[in-house]
Amino acid sequence: MEKKWWQEAVGYEIYCKSFCDSDGDGIGDLRGVTSKLPILKELGVTCIWFAPLYASPQADNGYDVADYEAIHPDYGTMEDFKELLDLAHSMGMRVIMDMVLNHSSDEHRWFQESRKSKDNPYRDYYIWRPAKADGSEPNNWGSYFGEGNGSAWQWDEVAGEYYLHQYGIKMPDLNWECKALREEIYGMLNRWLDFGIDGFRLDVITRLKKMPGLPDSLKKPIPPMDRNGFVVDRNMCTNVEGIHPILRELNERVFCREGCFTMGEGAGVTPFNAAEYILPERRELDSIYHFQLASRKGPRLTAEQFRTVQKNWAKVGESGGTYIQYLSNHDSQRQVSQHGSDLQWRTRSARLLGTLIHTTPGIPFIYQGEEIGMVNVRFDSIEDYNCCYTVGPYHAMLESGMDPATALAEVARTSRDNARTPYQWNAEKNAGFTTGKPWLKVNPRYEQINLEADLAAEDSVFRYYQSLTALRREHPAIVEGSLTFLSEDDPDVICYTRSCEKETLLVVANLSEREREWEIPHPIRGRCRCLLCNMEKKIGLTGEKLSLAPWECAVFAVE
Ligand code: GLC
């Protein structure tokens, strides 16, 4: 099959609000990004994913879109974006836009029209239902952000009905059953492709289809999020039968265009149902990212979990599906804090985690700051937090009787703000992010952890990531090789080969703080040449055993 550009890509997610502020208003912007394109190029990035840049009241930092065809003024203008896009293209980098198709902002013109009357042409763009006879919500669905009383329905005085919102109250769900809405969306997406972008990251794309008839959920409530009789039940709106025809139509009308790459956010997608979304012959999505490794609340990654997840997904890959490799993004914790060691072994474990993502099958996506080993943050007051998944649940916990300190501790560890604090460029004021007051506080560890310091350090994470992206360019086994795990029952050491016709590579990684010895399997003893190591380079694997320091990893060519 003909190779597509994205199969060899190195992705990088930019959360513009926190990346680089060029005008001192405390908010990152497009000119800021443009000024930093050279460093991304140096890193080896070939595809940038922008978290939403559209005009928005910012209830969820842009995932609440008020106008899909305008740039949010804090970020700049359409001209700034065009300039950035052209420059990125001239430097060999593609650009994909986040596209939020499950919901819009309540400040979107469509919603403002929709609420006006039952016969408004936009009425059907959203999901409206009358109150029950006693005035209560149409069903017992709860919302993910848990705002208000916890319901996924909000009463609208103007409309005289409730509307559905799976997320925030200001984020009404769009009605994909409505043909006029679908047509409107296709037009808008095509105009973006005409503008010159290279594809889309599709926000919560598995949630467009709702359970027919919108029945009550039968799930047992789990407080504190499930409260007042409302339950957050993913199954009511995720992977519901009927999602595939929606995606096929999107593909037929938009995504099939030459060079357009789509990457779906795969809530509820597992190796067992992924094929339906991503096999090329299905003509739905080009790729998907899943949550089996990088779950915000999940425990630290274990060697066993890593092997199981990667093996299952590799089968999807063998049958022709493409998926994304990542350990963090704007919705997660910082990966070195969640899965590595963010104090003693920070740089070493950051390099190891990067190695796992860049040497397994799929498209690696780096999240801004990961390449310098940025870490989680801990604010002392809920006032300093911004994320809806933090503030909403915090109040739900207080409502359920928890004391504020415990509630804060509970939400802080898994807050998405861990990943959203401003990028740390240098040790100057506000980490060089802004000359103004940053919209979200800078991580206090910026004096030690910043790009400038990292580049000057012997154990630079950035330089190591550069080697990883170079490895991908130079070794075909990284892109197309099959995946085989060795030493499968080892509790700490992850070891696998990637093999294609031309070569075999071997990756060994000690996912623990213990020193470990790893027995070199007979067939490869004496045949391994070290290509990359997160400590001193290993020479050759000649003896019977390889000793590995805490968090040590290495990549070898098997010759
Ligand atoms: C996705 C986004 C997340 C957002 C949510 C609602 O999960 O990645 O940031 O809050 O969708 O749009």
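This report walks through selected parts of a predicted model, beginning with the ligand and ending with some unusual backbone positions.

## The ligand and the residues around it

The ligand is surrounded by 14 residues, and the closest are Asp 60, Asp 203, Glu 265, His 330 and Asp 331. When the residues of this shell are sorted by character, they divide into 5 nonpolar, 2 polar and 7 charged.

Some of these surroundings can be followed atom by atom. Asp 60 places a polar side-chain atom 2.5 Å from an oxygen atom of the ligand, and in the side chain of Arg 201 an N or O atom is 3.0 Å from a ligand oxygen. For His 330, the distance between a polar side-chain atom and an oxygen atom of the ligand is 2.9 Å. On its own the ligand has 300 Å² of accessible area, and the protein covers 97% of it.

## His 330 beside the ligand

His 330, one of the closest residues to the ligand, is placed in the loop between β12 (322–325) and α8 (335–338). Is this histidine buried or exposed? Its relative accessible area is 1%, and because buried means under 20%, His 330 counts as buried.

The side chain of His 330 makes a polar contact of 3.2 Å with the side chain of Asp 331, a residue that is also listed among the closest to the ligand. If residues up to four places away in sequence are not counted, His 330 touches Glu 13, Tyr 15, Trp 49, Tyr 63, Arg 201, Tyr 367, Arg 416, Ala 419 and Arg 420. Tyr 367 deserves a second look, since the chain separates this residue from His 330 by 37 residues, while their C-alpha atoms are separated by 7.4 Å.

## Strand β1 and its partners

Glu 13, one of the residues that His 330 touches, belongs to strand β1 (residues 11–14), from which Gly 11 and Glu 13 point one way and Tyr 12 and Ile 14 the other way. Residues pointing in both directions from β1 are buried.

Strand β1 has pairing partners that can be found in the structure. With strand β13 (residues 363–367), β1 pairs in the parallel sense over 3 bridges, and in this pairing Glu 13 stands opposite Tyr 367. With strand β2 (residues 47–50), β1 also pairs in the parallel sense, over 4 bridges, and there Tyr 12 stands opposite Ile 48.

## Tyr 162 in strand β8

Tyr 162 lies in strand β8 (residues 161–164), and its relative accessible area of 7% makes it a buried residue. Leaving aside neighbours within four places in sequence, Tyr 162 is in contact with a list of residues that includes Ile 127, Trp 128, Arg 129, Pro 130, Gly 135, Trp 153 and Trp 155. Trp 128 is 34 residues away from Tyr 162 along the chain, and the C-alpha atoms of the two are separated by 5.6 Å. A polar atom in the side chain of Tyr 162 lies 2.8 Å from the backbone oxygen of Gly 135.

## Thr 434, a buried loop residue

Thr 434 is found in the loop between α12 (417–420) and α13 (451–456), and it counts as buried because its relative accessibility is 5%, which is under the 20% cut-off. Which residues does Thr 434 touch, not counting those up to four places away in sequence? They are Asp 21, Gly 24, Asp 25, Gly 26 and Lys 429.

With Asp 21, Thr 434 shares a side-chain polar contact of 2.5 Å. A polar atom of the Thr 434 side chain also lies 2.9 Å from the backbone nitrogen of Gly 436.

## Unusual backbone positions

A cis peptide bond, with omega about 5 degrees, joins Pro 223 and Pro 224, and Pro 224 is in the loop between β9 (199–202) and α5 (243–255). Asn 228 is also in the loop between β9 and α5, and it has a positive phi of about 55 degrees although it is not a glycine.

Gln 58, in the loop between β3 (54–55) and β4 (67–71), has a positive phi of about 65 degrees and is likewise not a glycine. Gln 58 is buried, with a relative accessible area of 15%, whereas Asn 228 counts as partly exposed at 48% relative accessibility.

Notes
Residues numbered from 1 in each chain as written. Predicted model: local features only at pLDDT ≥ 70, side-chain atom pairs only at ≥ 80, totals over all residues. Heavy atoms only, no water. Helix = DSSP H or I, 4+ residues; strand = E, 2+ residues; numbered from the N terminus. Buried < 20%, exposed > 50% of the residue type's maximum accessible area, 1.4 Å probe, protein only. Polar contact = N/O pair within 3.5 Å; in protein donor to acceptor, adjacent residues only side chain to side chain. Contact = heavy atoms within 4.5 Å. Near = heavy atom within 4 Å. Areas by Shrake-Rupley, 256 points an atom, 1.4 Å probe, with all protein chains shown as cover. Nonpolar A, V, L, I, M, F, W, Y, C, P; charged D, E, K, R; others polar. Pairing = 2+ DSSP bridges.
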